[in-house]
Every structure is written in structure tokens, then in C-alpha cells.
Amino acid sequence: MPSDGMALSDAKHAQPSVALTSFDAAACYVPFHFSTRHWGIHVWKSGLLSLVSDLIGHTRLTVGQTWIVGFAWQVLFLHELFHHWVEVGVARAQAPHVLGDWKFFDSIFCALYPPYVHDRPSSALEEALANALVANQIDRFYHPSFRSTAEYRHLRTRILRVMDAQPWPYCDYVKVLSRTHHAEGLAHLMDRAFIQLQLNKTGFPRRPSSSEIMPPDIWFTGQRVHGSGTCPVYFIDDMPAFPLVFSRPFPKWNGLEVLVHPNDHKPPHIHAIHLGTREERRFTWDDLRPLDAEPRRPVQRDVHRYCDHFRRRIDKRVKSMPWA
Ligand SMILES: [Zn+2]
């Protein structure tokens, strides 16, 4: 259990996470067709933090890793934003004049979205496309200079692995990653929306199919990751008793950095990080016996030197912690 500062789950209930976070359990999109008051993207704190721990592989975050919380937020936002785009797309198609003979049908407004939502093939495809949006667009939130860093590239790879490990249909995003397959997917979603007219026997004389009439760009036009600020986004703090606590590491010195976590477990110990390799190893306080055999670094001798230098400050911090 490496690292400093922020615990991502309640230490008392911390369990090794077996199942990876499902994006739609961590966040959800409430369509405006179903609620004019609560529609929008909702992100739960518990879901956000659980995705963060999937991304870093453990439940503690160093102060320097706090950007990963933002990254996880963008992932959930993008996934749910895609569900919003689809609703807007289908809503655009509900205007009767696009469904063929507009003179004949212009008094009919067809609510395609409610039956569409219950259409299983389109729900599955929509999830895969939503994850493909994450994979294709997450970079847009970060400056190229940061995207070229090893830590960003690592996390970029990690989010793909997290999505690969999700159950079907989420993991199917790999099939709709390319521009062509994504566009085909969008066209197919719209076709499924139009098929609802036939299934509901609304008596259309022809088989309206969106991709016969118009390309999917028509329904999805203007939907961009940046600039689609019309969808409300809510953050739900479902863990109010569990504040996010960040602790400052002790100074970098002699190639090391030392941290003491709030909410950490007995025995009282410090986390020492080797600045060259970012390897992290725990040592008991204040006899500095290694708690972890691996990694080998930082070596005990260096940790001793560090702690001789900052002993009083570290001792004060360790003694102020509850050590559950
Ligand atoms: Zn989803």
C-alpha cells in the first residue's frame, strides 16, 4: 500500500477491490425526457474515488497524484456526456418533418426516446460508444506537454485496461474506436431509435431509417467535448463523513521524501519514497525497521539519515495520528 496523503476509501471498510468500477454505477445520466428537474450528469463521490483506486491500483494517493482525481472525473463526465448527446440526437429526430412525408405527418410528434431507452441492442451499443468517447477524447483535457509525461501516459494506458476489464458491453468499446466504426455506431443508434416507430405500430407507410434519410452527423452535430456546457453536472457527496484529507509530505532531501498518512493502520510507520525511482517502502516509527521486503529501495541507511535530519517534525506528526 504505497503513497501519502489521501485515503480513497474508509479505512474501516477498506477491502481489496475485486470488481472494477462500472462507470454507470459511479455516475449516471438522467435524461430530460424523464425529469425536467433532475436531468443531467450525476457523479457520486464514492464512485469517483473507487475509479481512482482502480486507476492507481491501491487506495492511497500521493499529494502529487491529486490530478488523478480530476482525470477520473473527466472519464466519468465523458462517458455520461455521450449518453446526453444520444438523447439530444434522438430528440432532434423526434421532430416529425424528418421522418419522411412531412406534410402528412406534421401534426405528429413522435417521442422516440422513451422506447429507445428500453431497446437492449441500442443500450449495449451506446455503452460501448460512450467508452470509446472516453478513449478518444480524454487527451483533450490535457496540455500536450503534460500528455507526454510518463505519469500521464501510464494513466492513459491504465484507463484503457480498466475499460478492457469491464463487463460486456462496456469492454466492446475497442470495436467502435475508429472514426468510421464510431460513425457507423451512431448511425445504428439512430436506426434503432427510428425502428421504435415500427415496433410501436404508429402506422408509418415506409420504414423510416435514419441512416437512409440522413447521415448521423445531422443528429450529433455541434456535440463537442468542449463547449457543450448546456448539460448540468452534479457532484453528489455520498460520503460526507469521509472528508478528503491531503497531507503534505516532508521535504525532499537526500534523494528521499517521507510521508505519514492520516487514517493509516498500526503499527505506526512512515512511508519513504525514493525520488529517483518513485519506489515506496514503509518503515516502523521510530526504530525504522522495514515493513516491506520489496521494494528494496529506499535502503534503510538512507532512511535513517533522512529521519535523523527531520526527526522532531516526523515524530510530532506520527504521534498526532490515531493509528487505527
Ligand atoms: Zn453508460
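**View 1. Helix 12 lies across strand 6, strand 7 and strand 8.** Let's start where a helix meets a sheet in this predicted model. Helix 12 covers residues 300-320, and its direction is at about 45 degrees to strand 6.

**View 2. Strands 6, 7 and 8 make an open, antiparallel sheet.** Reading across, you will find the three strands in the order 6-7-8. Strand 6 (256-259) and strand 8 (280-284) are the edge strands, each pairing on one side only. From one strand to the next, the twist averages 30 degrees.

**View 3. Strand 6 pairs with strand 7 over four bridges.** Strand 7 spans residues 269-274, and the pairing with strand 6 is antiparallel. For a handy landmark, look for E257, which sits opposite I273 of strand 7.

**View 4. Strand 7 and strand 8 form a hairpin.** Five bridges hold this antiparallel pair together. One residue to pick out is H271, whose bridge partner in strand 8 is R282. Five residues lie between the two strands. In that turn, R278 has a positive phi of about 65 degrees.

**View 5. Residues 1-7 and 9-18 have pLDDT values below 50.** Please read these two stretches alongside the overall score: the protein averages a pLDDT of 82, and 80% of the residues score at least 70. Over residues 1-7 the pLDDT is below 50, yet the model gives this stretch 35 contacts beyond near neighbours in sequence. Residues 9-18 also stay under 50, and here the model has twelve contacts beyond four places in sequence.

How values were computed
Residues numbered from 1 in each chain as written. Predicted model: local features only at pLDDT ≥ 70, side-chain atom pairs only at ≥ 80, totals over all residues. Pairing = 2+ DSSP bridges. Axes fitted to C-alpha atoms, helices over the stretch in contact; angles between N-to-C directions. Contact = placed C-beta atoms within 7 Å. pLDDT = per-residue confidence, 0-100.
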